[in-house]
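Good morning, and thank you for joining this session. I should like to take you through one protein model, beginning with the whole chain and then turning to selected residues.

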Amino acid sequence: TSSIVPLIDVIMEHRVYLAAAGSFLLFSLGLYHAYKTFRAAQKIKTYISFFAILILTGSLTYATTKRNMVWTNRLSFWEDVVNKSPLKARGYVLLGSAYWEKGLTDLAEAAYKKSTIVAGNGEKANSILALALLYAETGKKGEALSEMEKALSFNPMKSPDIHYVIGAIYAMAGYNVKAIENYEEALNKSPGFITARYALGDLYREMGFYEDAINQYAEIIKISPNAPKAFNDMGVSYARKGMLDEAEKSFHKALKLNPDFTAAIKNLKSIAELGLKNEDIRGFNKR
């Protein structure tokens, strides 16, 4: 399961499954050989073998159960990772994300800060940007921009991912022009970067540049034709622009791809029930 290609993670659980087959075979052959060569009565050897297998099976069952508890959810998994690998920055970043999803902002901040401490120069920018995103999301604009500038000193903005994250921070901080510049740079480097296209489209829409937003969603549909969210978001942009027939078509396309898409269902209901007044247009659901 290994090769001459260097690996970021030398040891991972899923990489031992196939490799373990040889170890199990050798272990079984060893037990069989010991059984055949052990000088004792047949009954004694049978009892010894039975208890050895019982102890082995019980130990492995206990270990498997304990390990399965770790895999119960993201939070328990990444807490286990940082406990066992306290000097790996990526574990703290992902633990921070798990805390953030649970609404545990203070714990997420602490995990991200720990990540920035243990990270090497190659990972430092990503760790700091994770902290900056948290600050931006929680309304701490000054801290977000400060951390972002710090991250840029470790990364010269070569990666489309970095541009995307910087754009998100600027957008949350209210610097829309800079956000657009970074989203567009991310897309220049990686035209198929769908997450960045969604972010750019959403920002254009919120700024009232509906045609630009529609163009971004159209590009997403070219890349991924079976994306109901793109059709729904395009429909919202059409509705806000006043092109209600086009909006309705987009919502229907979204529902054709996903009949249970709640936002598209609500948007079609709005078209049917609200009389399509200008003040109602901004009420269309994005998610």
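In what follows, a residue is called buried when its relative accessible area is under 20%, and exposed when that value is over 50%, with partly exposed in between. By that criterion, buried residues account for 36% of the 287 residues in this protein. Please keep in mind throughout that the model is predicted.

Let me begin with the overall form. The protein contains 15 helices and 0 strands. What is its radius of gyration, set against that of a compact globule of 287 residues? The protein has 27 Å, whereas such a globule would be near 19 Å. Along the principal axes, the C-alpha atoms fill a box of roughly 95 × 45 × 35 Å. As for contacts between residues at least 6 apart in sequence, 44% join residues that are at least 24 apart.

The surface comes next. About 17,400 Å² is exposed by the protein, and carbon and sulfur atoms supply 60% of that area. Its side chains include 36 positive and 29 negative ones, and the centres of these two sets lie 11 Å apart.

I now turn to individual helices, beginning with helix H3, which spans residues 74-84. Which residues of H3 are buried? They are Leu 75, Phe 77, Trp 78, Asp 80 and Val 82. These buried residues pack against two other helices, namely H2, residues 42-70, and H4, residues 89-101. The N-terminal end of H3 is capped by Asn 73, which has a side-chain oxygen 3.1 Å from the backbone nitrogen of Leu 75.

Val 70 belongs to helix H2. Val 70 counts as buried because its relative accessibility is 14%, and the cut-off for that class is under 20%. Setting aside residues up to four places away in sequence, Val 70 touches Ser 76, Phe 77 and Asp 80. Two of these partners, Phe 77 and Asp 80, were named a moment ago among the buried residues of H3. By contrast, Val 70 and Val 16, 54 residues apart in sequence, have C-alpha atoms 18 Å apart in space.

The next residue is Tyr 112, in helix H5, residues 105-118. Is Tyr 112 buried or exposed? Tyr 112 is buried, because its relative accessibility is 2%. Beyond its neighbours within four places in sequence, Tyr 112 is in contact with Tyr 92, Val 93, Gly 96, Ser 97, Trp 100, Ser 127, Ala 130, Leu 131 and Leu 134. Ser 97 deserves a separate word: its backbone nitrogen lies 3.2 Å from a polar atom of the Tyr 112 side chain. Ser 127 is 15 residues from Tyr 112 along the sequence, and the C-alpha atoms of the pair are 6.4 Å apart.

Further along the chain is helix H10, residues 194-207, where Asp 202 is located. Tyr 198 is placed in H10 as well. Asp 202 has a relative accessible area of 13% and is therefore buried. Tyr 198 also counts as buried, because its relative accessibility is 15%. An α-helix has 3.6 residues a turn, so residues three or four places apart point the same way.

What do these two residues touch? The side chains of Asp 202 and Tyr 217 are joined by a polar contact of 2.5 Å. Tyr 217 also appears among the contacts of Tyr 198, together with Ile 220, Ala 227, Lys 229, Ala 230 and Asp 233, once neighbours within four places in sequence are left aside. Tyr 198 and Ala 230 are 32 residues apart along the chain, and their C-alpha atoms are separated by 7.9 Å.

My final residue is Asp 212, in helix H11, residues 210-223. Asp 212 counts as partly exposed, because its relative accessibility is 34%. Between Asp 212 and Leu 200, which are 12 residues apart in sequence, the C-alpha distance is 9.0 Å.

That concludes the presentation, and I welcome your questions.

Conventions. Residues are numbered from 1 along each chain as its sequence is written. This is a predicted model: local features need pLDDT of at least 70, side-chain atom pairs count only at pLDDT 80 or more; totals for chains, interfaces and linings use all residues. Side-chain values use heavy atoms; hydrogens and water are left out. Helices (H or I, at least four residues) and strands (E, at least two) are DSSP runs, numbered from the N terminus. The radius of gyration is taken over C-alpha atoms; the globule rule is 2.2 Å times the number of residues to the power 0.38. Buried means under 20% relative accessible area, exposed over 50%, partly exposed in between (1.4 Å probe, protein chains only). Contact means heavy atoms within 4.5 Å. Accessible areas come from the Shrake-Rupley method with a 1.4 Å probe; for residues, only the protein chains shown count as cover. Lys and Arg count as positive and Asp and Glu as negative; His and the chain ends are not counted. The place of a charge is taken as NZ of Lys, CZ of Arg, CG of Asp or CD of Glu. A polar contact is a pair of N or O atoms within 3.5 Å; within protein, one must be able to donate a hydrogen and the other to accept it, and residues adjacent in sequence count only if both atoms are side-chain atoms.
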